[in-house]
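Dear colleague,

I am passing on the structure below, together with some notes on what was found in it. Please read the notes alongside the coordinates.

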Amino acid sequence: MAHMQNMPLNARRTFIRSVAPEPIPAPPAVPAHTTTNNTDRGKREWPPSVRSYVQRSFAEENTLPNISRLEMETKLKLIISQSVEAGTLGHMDWDQLPLPQVMIQNEKKQTEYTTQISSSPSRPKVIHTLTHQGTNEALPKKRKPSDPDPATDAAIHNSPWRSTDSRSLFESRISYPDKRPRNGAAPEHGSSKSSQVLDGRKKRFENTNTAPISMRPWRPSSINESPSEEPKGPIVGRCQDLEKKFFRLNGVPNPDNVRPVAVLEKTLEHLKSKWKQERNYFYICDQFKSLRQDLTVQHIKNGFSVTAYEIHARIALEQGDLSEYNQCQTQLRALYAQNLGGHPTEFLAYRILYFLHTSNRTDMNDLLANLTRTEKDDPVVRHALDTRSALALGNYHRFFQLYLDTPKMGAYLMDMFVGRERLSALSVICRSYKPDVKLRFVTEELGFESDDESARFVCDHGGQHYLEERDDGVRLLTSKALNFFETPLKAASAPKPVI
């Protein structure tokens, strides 16, 4: 120790203030009761890890406001003394060992928590043995038989695992059907798992209406519903209004605000007429959502439901509202599975085109694997499958021929990704045709309606410098453009979110 005290320890620099660091004391001396003799104590060489640990303990940036220096030094001496006595001084990981002030702070928190638990009236009082947190595992110390600790012995004697009950704590948590203790033993007085408690728990779950509100299972409620009402099944609407705004339900629907099927059929005809006359999509969408909601709360699944969802899906598709379209498409798949009529092959073709738009290969493969021969022979589905095949083969000539001859309302879906395919085709044309091509060729190959439309498409993507007007017409300078359209193609090919 005298050798260590003569050796100065450099304190860790701090950027907070420039005052001279307080001298760091050397590791405290081993108490007199340790097994190390006096001659070895003066010649002990402390490991560098111990010195570093002492230096970090006294560093100013590691001080805690609620831990005094005296408490920290006392704890530090205890840690090193225990390590020397156990012979683990050179084997411990001092770099990972918590500092003395941290251990003291953790012990105080554990003491406060134990005090709160023991003073709580709703919990049984349990005697906790306070240990030095963070040091027990690293500093094992076996108490000698000649050094008894009455407090520790009392705590162990009163600990839960020393209970006089013949059953373990886990076994006592098991509730048996006959509500009687095993092996004919009499129920323990004051046990938290007594038969009275179990019976009370059983009664509490038998009738949830008489239980406290906080203990009842949650279920939606409405303003006009009394607390004791329970829905017995699908409600039957009594509302006679043809038009009704959509609102999200936050409870059990009121039958007075729900329209029955007869009224909903009149509502559908009324909305079809309004759409043809006014073309107000926001109004029509709100009314259709309200109609679908009335169908849902009444559990109506029939041919009329299929018709309502199909009409709303077509209107949403026409307006480019993929969110509402996908909601209708999801419900239609479930309704088609029940063979309720409608046009399942038409919307199957729309699903294929939608997967092409979102580049969803996983769902596309699942769909193709489940197709039947009858579905493949349907003209609308056949067209969608041919479109997928043309894109897979990179045959843009075939793709734009199919684009110009799309049945039903598939063109609205193809319009969503035709720009991406035109950029892809332009990149192929610029690499294949040199030094230039007529703009008319681009118009015919990429399915444009006029040369002006094709020229506008090239200019919208920054390719106006590659258009040159000559005597025989406007030409696209493919040699100069070359890979120019690759950049906008990457942006257009970014994965689309699946709505």
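A polar contact is here a pair of N or O atoms within 3.5 Å, where, within protein, one must be able to donate a hydrogen and the other to accept it, and residues adjacent in sequence count only if both atoms are side-chain atoms. This is a predicted model, in which local features need pLDDT of at least 70 and side-chain atom pairs count only at pLDDT 80 or more, while totals for chains, interfaces and linings use all residues. Residues are numbered from 1 along each chain as its sequence is written, and side-chain values use heavy atoms, with hydrogens and water left out.

At the start of helix H11 (helices being DSSP runs of H or I, at least four residues, and strands runs of E, at least two, numbered from the N terminus), a side-chain oxygen of asparagine 302 comes to within 3.1 Å of the backbone nitrogen of phenylalanine 304. Twelve of the 16 residues of H11 are buried (under 20% relative accessible area, 1.4 Å probe, protein chains only), so this helix is largely enclosed by the rest of the structure. Just after H11, glycine 320 adopts a positive phi of about 75 degrees.

Strand E3 (residues 473-476) runs antiparallel to E1 (residues 437-438), to which two bridges join it, and valine 437 has leucine 476 as its bridge partner. E2 and E3 form a hairpin with two residues between them.

As for confidence, the mean pLDDT (the predictor's confidence in each residue, from 0 to 100) of the chain is 77. Over residues 150-193 pLDDT stays under 50, and where pLDDT is low, the predicted coordinates should not be read in detail.

Best regards

Note on methods
Buried means under 20% relative accessible area, exposed over 50%, partly exposed in between (1.4 Å probe, protein chains only). Contact means heavy atoms within 4.5 Å. Two strands pair if DSSP finds at least two bridges between them.
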